[in-house]
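Work through the exercises below with the coordinates open, and attempt each task before reading its solution.

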Amino acid sequence: MPLKPRDLIRSEVFAIKAYHVAESEGMVKLDAMENPYALPGPLREELARELARVEMNRYPEPTGKKLRELIARKMKVPAGMEVLLGNGSDDLIQIVSLALARPGATMMYPTPTFVMYGMNAGLTGMKAVALPLREDFALDVAAFVARMREERPALVFLAYPNNPTGVLYREEDVVAILNAAEGLVVLDEAYHVFAQKSFMPRLAEFPNLIVMRTVSKLGLAGIRLGYMAGRPEWIAEFNKVRQAYNVNVLTQAAAEFVLDRLEVLEDQARRILAERVILGEALAALPGVKVFPSEANFFLVRVPDANRSHEGLRRQGVLVRNFHGVHPLLANCLRITVGTDAENRILLAALRESL
Ligand SMILES: *Cc1c(COP(=O)(O)O)cnc(C)c1O
């Protein structure tokens, strides 16, 4: 009798749940922290002409040299540091995990946080140590450092600001973790354009720091591009783990075009920040809704009954993310991406109905 997948697939893989993406066709999509604004029309036409020139019959330049140089310049990567590109930062999380997953190695992160860290610990056979945040989602840095001394993690992931909580850890707490770390610390700055705080300028101070970013939340989620910056000794090893052509020619060309005009996306980010203020106040004014302060382009809110509200919103055509049941600290929590003014109004009216 042939063996079943369950008998052949590694138990770690069998234990993982597939990354969940909800059906969103025709919905007001406020579940995935996308930038709600498209590129302005004339720029799109110029970009289309640029993409038409791309030679798709050729393999990409393997390390995306031109794009790496552009990113280093635009994102102010300090001199002497190297940049590695990924097929989204999800790819980079996997590359780092694979490279550091020696037998018995530990990955540590505060929880709740981005699910990909834990998923990759599972996939690569690392021991995952997830230390709970405080009730207000602040980092208990003393407890985290004490646990680091016990576990001696090869790899620490810190999302800065954190997803799904929106909290930006205190700079001195991150420094305390960097100083206590015997392993590598990856600071995931996916929301850096909204938080406007970064360890990029301090990269040279910490030999065990990698700063990881993505263009997804900036307005280019569809092209799948992430990057990380760090010491050449680290990047050289991660480069071996990277799949040979992990960033395709269209992504490289589109990113070069748009990042060369970064101010367009930064303007959109400023509009999102202005909308964040208005949405935050309006959410907080709803009866029974607690809004957690956010340094990102989303809010985590606690409602009386998250399952009811999530379903109510869905029936009214609004998609947000329900975190109830995912982690005890996230009981009755929904995560709502800041959309356009019009989208936010629809969300607010629908949420009021659904409470
Ligand atoms: C969205 C997100 C990412 C994923 O970025 P991609 O580049 O789209 O893969 C990584 N880290 C955090 C904390 C995120 O919220």
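Three exercises follow, each with a worked solution.

The model is predicted, so local features need pLDDT of at least 70 and side-chain atom pairs count only at pLDDT 80 or more, while totals for chains, interfaces and linings use all residues. Residues are numbered from 1 along each chain as its sequence is written, and side-chain values use heavy atoms, with hydrogens and water left out.

**Exercise 1. The ligand site**

Task: Determine which residues are closest to the ligand and how much of its accessible area the protein covers.

Solution: Begin with the shell, taking a residue as near if one of its heavy atoms lies within 4 Å of the ligand. By that criterion 14 residues surround the ligand, and the closest are Asp188, Tyr191, Thr214, Ser216 and Lys217. Next, look for polar contacts, that is, pairs of N or O atoms within 3.5 Å. A polar side-chain atom of Tyr191 lies 2.6 Å from a ligand oxygen, an N or O atom in the Thr214 side chain is 2.5 Å from a ligand oxygen, and for a polar side-chain atom of Arg224 the distance to a ligand oxygen is 2.7 Å. Finally, on its own the ligand has 390 Å² of accessible area (Shrake-Rupley method, 1.4 Å probe), of which the protein covers 94%. Helix 5 (89–100) and helix 10 are the elements that give two or more residues to this shell; helices here are DSSP runs of H or I with at least four residues, strands are E runs with at least two, and both are numbered from the N terminus.

**Exercise 2. Helix 12 and its surroundings**

Task: Establish how many residues of helix 12 are buried, and which elements they pack against.

Solution: Apply the cut-offs for a 1.4 Å probe and protein chains only: buried is under 20% relative accessible area, exposed is over 50%, and partly exposed lies in between. In helix 12 (residues 249–259), 10 of the 11 residues are buried, among them Val249, Gln252 and Phe257. These buried residues pack against helix 3 (41–52), helix 4 (65–74), helix 10 (216–220) and helix 13 (262–284). At the N-terminal end, Asn248 acts as a cap, with a side-chain oxygen 2.9 Å from the backbone nitrogen of Leu250.

**Exercise 3. Lys66**

Task: Is Lys66 buried or exposed?

Solution: Locate Lys66 in helix 4. Because its relative accessibility is 59%, Lys66 counts as exposed. Lys66 and Gln252 are 186 residues apart in sequence, yet their C-alpha atoms are 8.6 Å apart in space.

Terms used
Contact means heavy atoms within 4.5 Å. A polar contact is a pair of N or O atoms within 3.5 Å; within protein, one must be able to donate a hydrogen and the other to accept it, and residues adjacent in sequence count only if both atoms are side-chain atoms.
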